[in-house]
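Student: I would like a close look at one chain of this complex. Please take me through what can be said about it, and how far to trust it.

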Amino acid sequence: MAEPRPVLEMAGIVKEFPGVRALSDVDFRLFPGEIHALMGENGAGKSTLIKVLTGVYSLDGGTITLDGESVRFASPLQAQQAGISTVYQEVNLCPNLSVAENIFIGREPTRMGRIQWKRLRQEAARLVDRLGLDIDVTAPLSSYPLAVQQLVAIVRSLGIGDGDGDGEGAGGGPGTKVLILDEPTSSLDRDEVLQLFALMRRLKDEGVAILFVSHFLDQIYEVCDRMTVLRNGTLVSEHLVSDLDQVGLVQLMLGKAMGQLEELHEHQLHSTAGETLLKADGLGRTGSIAPFDLEIDKGEVIGLAGLLGSGRTELARLLFGADHPDSGTVTVDGKQVSLSAPNGAIGAGVAFCSENRKTEGLVPDLTVRENIILALQAARGWTRPVPAAQRDELVAKYIKALDIRPANPEARVGQLSGGNQQKVLLARWLITQPKLLILDEPTRGIDIGAKAEIQKLVVSLSEDGMSVLYIAAELEEVLRLSHTIGVLRDRRLVARITNGPEITTSKILETIASGEHQ
Amino acid sequence: MTTTTQSPQAAPDSRTPSRAARLLADRRLPVAATALLFLVMYGVGLSRYQFYGFAEPQVFLNLFIDNGYLLVAAVGVTFVILSGGIDLSVGSMIGFTTMFTAWLVERQGLPLALVIPLALAVGAFGGFLMGYVIHNFEIQPFIVTLAGLFLFRGLCLVISKESISISDSGVSSMAQAQVSLGMGFLSIGAVVSLVVLALAFYVLHYTRFGRRVYAIGGNEQSALLMGLPQGGTKIAVYTVSGFCSALAGLLFTLYIQSGDPLHATGMELDAIAAVVIGGTLLTGGSGYVLGTLFGVLVLGLIKSLIQFEGTLSSWWTKIATGVLLCAFILIQRFMTTRKKA
């Protein structure tokens with residue numbers, strides 16, 4: 001890599017949200033013709049840094065220098081016009097418009113104010129071809145799968161500065177100098193990823209500086225030249241990718257040595273008392289999951305394994321009464337539970353952490369304290385408010401116990417990182433001291449460190465006698481934590497495997513594939 | 001990224017949607033449905049009342065003459081609904097414009113050439129103010145335009161509690177002017193409304209502003225991140241609606257030749273109904289102004305049919321509108337859920 005002066009330099013960047021200091025004194029630089037990885041756990045400040053750079057958030061301190069000139073963008077449009085294009089993690093396009101329009105909207109070729117549709121479609125087809133995509137640019141974006149939409153978003157961002165793709169009416173941008181790709185690969189399959197990488201390399205050769213964010217370390221090592229590591233909103237260090245191995249990188253991201261992470265792998269499953277807590281008899285719901293029997297002992301961790309859509313979540317929802325079962329009964333501690341609404345299950349000591357923590361769990365506009373106290377208040381009924389002193393004490397206790405960061409009960413939940421949001425949701429249910437905790441994908445979308453903490457918590461809860469029903473996409477996770485593994489296939493509970501040293505992930509995979517346990 | 005575990009049997013990613021799927025997903029389908037409905041209703045009218053003069057071309061042209069003001073108002077509402085908003089102030093704005101115009105012409109003796117631009121400017125400014133409040137204070141359009149509804153209706157009464165009839169010769173000659181089309185004629189109001197429709201079509205489909213309206217209605221957050229000036233577009237949309245309401249008010253004044261504080265009460269709902277029947281999604285981002293024309297024509301035709309029937313109370317207009325509205329919303333719902341699946 002030649003090192004002329006950086007095309008982009010950010011120095012002393014500060015960004016604050018109410019109650020949270022998201023970035024403090026972060027420096028960052030980007031050279032032309034390089035692919036630069038921005039690394040860090042969830043909540044380290046990667047997304048915030050990008051949004052500050054592109055003008056989505058205003059800057060609270062520090063300077064941004066682009067091509068030697070000091071800049072400050074008030075909107076994404078200004079950043080685009082200056083040559084900084086962004087593709088966000090979620091597809092930020094308009095599904096109701098055609099592919100061609102999505103690529104060009106805001107800078108359509110016009111003559112005397114009239115959009116030249118024919119030219120627009122031709123240009124769009126040309127840009128799409130350049131990426132090697134075979135799609136009809138006149139079809140609405142919503143008719144294509146997410147992965148294609150993501151690639152269209154990239155085409156759009158490239159077209160922005162492209163002199164050819166621009167058109168005389170667009171005011172002629174300076175060309176894309178900086179391309180920001182914020183987790184563009186999370187919804188792409190391997191071939192699409194390779195396609196993207198090929199394109200990234202071509203752009204790099206053309207002198208574009210690419211800022212790449214990805215959770216997949218292998219991808220970083222495959223395509224990046226240099227990386228900057230962030231932790232808790234501060235700069236850790238900048239390295240050439242060739243100078244730092246993956247273990248070193250993870251340690252930098254987490255700020256702790258690998259040993260701590262690995263200790264969990266060797267943990268021994270404690271034995272359960274063998275006392276039955278919950279018993280489901282012939283519980284089922286048409287179109288959701290076939291009738292099944294399940295017994296959960298006190299202090300037992302039951303893991304559910306199966307493919308996406310095999311009925312894992314549906315099983316949990318039935319146990320909780322979130323869906324109304326067609327058949328069967330559930331008894332907790334020998335008493336039958338009414339399953340017409342979750343109230344019955346909650347009353348019997350069952351807690352359910354949904355996989356959609358954003359839409360079904362947390363209230364993003366309420367504070368951490370309010371979110372945590374919600375379930376306890378619901379259990380008491382609205383006529384008996386939780387006394388303020390008891391409430392504050394409980395909240396403080398769980399923030400500490402779960403290491404929720406920032407440790408500020410007044411912070412708005414919507415501004416916490418994914419891992420910390422998950423912990424808030426956990427705290428909400430733990431505070432009601434449930435007998436059975438149902439965790440549906442508690443570790444999805446959160447980083448390694450938070451993942452390990454949540455898993456440790458599950459282990460210690462079950463050691464204290466709480467039963468846990470644990471659903472996770474990663475088999476290793478299920479295998480590591482569970483006493484019993486329930487295998488689901490095609491909306492049927494096909495096997496219950498007692499965990500032991502001879503059980504491996506490949507054995508479980510076999511069961512999932514064949515539907516039989518040998 | 002969102003994944004759900006609900007649909008294991010969902011088809012694997014297909015790159016090229018099938019022809020049937022594309023037809024169902026085609027956004028022009030609802031417009032075609034409304035146009036077809038209009039034709040069927042017209043056919044029913046022809047077969048039932050052909051000996052009572054229903055077949056006269058003038059009966060068809062009267063639809064434009066009698067509903068020109070509604071068409072103009074509905075075009076304004078189409079902009080708002082396409083952008084994902086709503087405008088409840090339309091009826092009040094029309095009523096206010098009739099009062100304002102009548103008062104200026106009759107009581108103040110101002111010339112029409114001055115009154116017309118003034119009334120349009122007041123309407124546009126009213127719309128601008130509502131758009132400004134909606135965007136800058138991030139308040140629901142429903143509430144802001146509801147406030148506008150009360151405000152302008154109240155202002156009518158500030159001008160006068162009594163209705164003001166217009167005896168100005170310029171107004172009556174304009175009202176009676178006929179634009180001959182050979183087999184019949186159109187009023188000036190009808191011609192103006194068709195010009196507005198054509199302009200709206202051009203703006204929505206051939207200008208950047210028009211496409212931004214669709215983009216914002218499709219996904220406002222995305223529009224912002226795509227660098228579109230979403231605030232300005234929103235304000236402009238309500239300004240357009242205010243302007244159209246004022247113009248509709250002028251046409252209504254011309255049609256009825258008086259100002260009355262209770263004119264056009266509830267007409268915002270007729271306009272919204274016409275837009276929805278015309279196939280525009282209430283959630284925004286999908287629909288055509290041409291559909292709004294058919295929506296207005298369908299509503300107008302219901303009125304005509306009931307007049308021709310002679311024995312039916314005019315309340316049947318409302319009942320028929322209600323039934324149609326319900327049916328069209330259900331069709332929309334069906335189409336959008338099919339698209340998601």
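Tutor: What follows is a walk through chain B, starting with confidence and ending with its listed spans. This is a predicted model, and for the complex as a whole the predictor gives an ipTM of 0.82 and a pTM of 0.69.

Chain B has an average pLDDT of 88, and 91% of its residues score at least 70. The confidence varies along the chain: helix H1 (residues 19-25) of chain B is lowest, with a mean of 61, while helix H8 (residues 188-206) of chain B is highest, at 96. Ahead of that, residues 1-15 of chain B stay under 50, and the model has twelve contacts for them beyond four places in sequence. Where pLDDT is low, the predicted coordinates should not be read in detail.

Now the makeup of the chain. Chain B contains 14 helices and four strands. It has 341 residues, of which 47% count as buried. Take the contacts in chain B between residues at least 6 apart in sequence: 80% of these join residues at least 24 apart.

An unreviewed UniProt entry lists "transmembrane region" for several spans of chain B, including residues 59-82, 181-204 and 235-257. Two of these can be checked against the model. Residues 59-82 of chain B are 100% helix and 0% strand, with the end C-alpha atoms 31 Å apart. Residues 235-257 of chain B are 96% helix and 0% strand, and there the end C-alpha atoms lie 32 Å apart.

Conventions
Residues are numbered from 1 along each chain as its sequence is written. Chains are lettered from A and ligands numbered from 1 in the order in which they are written. This is a predicted model: local features need pLDDT of at least 70, side-chain atom pairs count only at pLDDT 80 or more; totals for chains, interfaces and linings use all residues. pLDDT is the predictor's confidence in each residue, from 0 to 100. Helices (H or I, at least four residues) and strands (E, at least two) are DSSP runs, numbered from the N terminus. Two residues are in contact if their C-beta atoms, placed from the backbone, lie within 7 Å. UniProt positions are given in the numbering used here, feature names are shortened, and annotations may be inferred rather than shown by experiment. A residue is buried if 20 or more other C-beta atoms lie within 10 Å of its own, exposed if 12 or fewer, and partly exposed in between; C-beta atoms are placed from the backbone.
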